[in-house]
Amino acid sequence: NYWEKGFHWDAIQFNFGLHDLRQGRDAESGEWKSHGVEIDDYKKNLEIIISMLKETGAELIWCNTTPVPNDGGNTSGRRKDEDLIYNKAALEVVSKYPEITITDVNGAVRNSAVYDEWRKGSNVHFNTPQVQKVLGDTVADGVRLSLNLN
């Protein structure tokens with residue numbers, strides 16, 4: 001009942017992409033296969049999601065996709081920097097909606113020394129309190145900015 005006062009959302013921060021950019025990989029040749037969701041469909045899906053979220057009346061905040069530090073997996077995984085391709089595609093869509101705030105978690109991860117050790121591996125998860133704090137602060141800043149709470 002998000003349309004009822006007291007049950008509505010003030011802000012919705014949303015993200016998708018890290019699973020969409022996942023790819024299969026040929027076990028023998030090591031050649032990468034197609035993405036989980038190809039770029040054109042990814043953009044269409046983002047348009048649909050934005051239109052659905054706009055119906056809530058909430059302030060919308062797009063949270064871009066975190067980096068892929070290095071190629072991972074034997075027969076499936078993610079490739080280094082594929083996040084940049086998906087984030088570029090997302091920005092093409094989101095930029096049509098100037099009312100949507102953008103939270104740059106990708107930049108936070110790429111630019112903070114806290115992630116130096118993380119960048120050496122291929123795990124896309126953030127499992128230590130130090131790296132989680134930087135992401136949490138970045139996400140919270142996006143909500144504060146969207147709701148003019150700074």
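Buried, in what follows, is under 20% relative accessible area, exposed is over 50%, and partly exposed is in between, with a 1.4 Å probe and protein chains only.

## Ground rules

This is a predicted model, where local features need pLDDT of at least 70, side-chain atom pairs count only at pLDDT 80 or more, and totals for chains, interfaces and linings use all residues. Residues are numbered from 1 along each chain as its sequence is written, and side-chain values use heavy atoms, with hydrogens and water left out.

## Valine 37

Let's start with valine 37, which counts as partly exposed because its relative accessibility is 21%. You'll find valine 37 in the loop between strand 3 (32-35) and helix 1 (39-54). Helices (H or I, at least four residues) and strands (E, at least two) are DSSP runs, numbered from the N terminus.

Setting aside residues up to four places away in sequence, valine 37 touches Asp20, Tyr42, Asn45 and Tyr86; contact here means heavy atoms within 4.5 Å. Tryptophan 3 is another story: it sits 34 residues from valine 37 along the chain, and their C-alpha atoms are separated by 32 Å.

## The sheet

Three strands make an open, parallel sheet, in the order 1-4-6. Two strands pair if DSSP finds at least two bridges between them. Strand 1 (11-14) and strand 6 (101-103) are at the edges with a single partner strand each, so each has one side without a neighbour in the sheet. From one strand to the next, the twist averages 25 degrees; axes for such angles are lines fitted to C-alpha atoms, for helices over the stretch in contact, and angles run from 0 to 180 degrees between N-to-C directions.

Now zoom in on strand 1, which pairs with strand 4 over four bridges in the parallel sense. Alanine 11 stands opposite glutamate 59, and isoleucine 12 stands opposite leucine 60. Strand 1 also has two faces: Ile12 and Phe14 are on the covered one, Ala11 and Gln13 on the uncovered one.

## Two helices

Helix 1 has 16 residues and spans 22 Å from first C-alpha to last, close to the 22 Å expected at 1.5 Å a residue. That expected span is 1.5 Å times one less than the number of residues. Buried in helix 1 are Tyr42, Leu46, Ile50 and Leu53. Down the axis, the buried residues of helix 1 fall within an arc of 75 degrees, so they line one face; the arc is that of the directions from the helix axis to the C-beta atoms. Asp40, Lys44 and Met52, on the other side of helix 1, are exposed. Strand 1, strand 4 and helix 2 (82-94) are among the elements covering the buried residues of helix 1.

Helix 2 has 13 residues and reaches 18 Å, close to the 18 Å expected. Its buried residues include Tyr86, Asn87, Ala89 and Ala90. The buried residues of helix 2 cover an arc of only 160 degrees, which means they are on the same side of the helix. They pack against strand 2 (23-25), strand 3, helix 1, strand 4, strand 6 and helix 3 (105-111).

## Asparagine 64

Asparagine 64 belongs to the loop between strand 4 (59-63) and strand 5 (76-77), and counts as buried because its relative accessibility is 12%. Beyond its neighbours within four places in sequence, its contacts include Asn15, Asn87 and Thr103.

A polar atom of the asparagine 64 side chain lies 3.0 Å from the backbone nitrogen of valine 105. The backbone nitrogen of asparagine 106 also lies 3.0 Å from a polar atom of that side chain.

Definitions and conventions. Polar contact = N/O pair within 3.5 Å; in protein donor to acceptor, adjacent residues only side chain to side chain.
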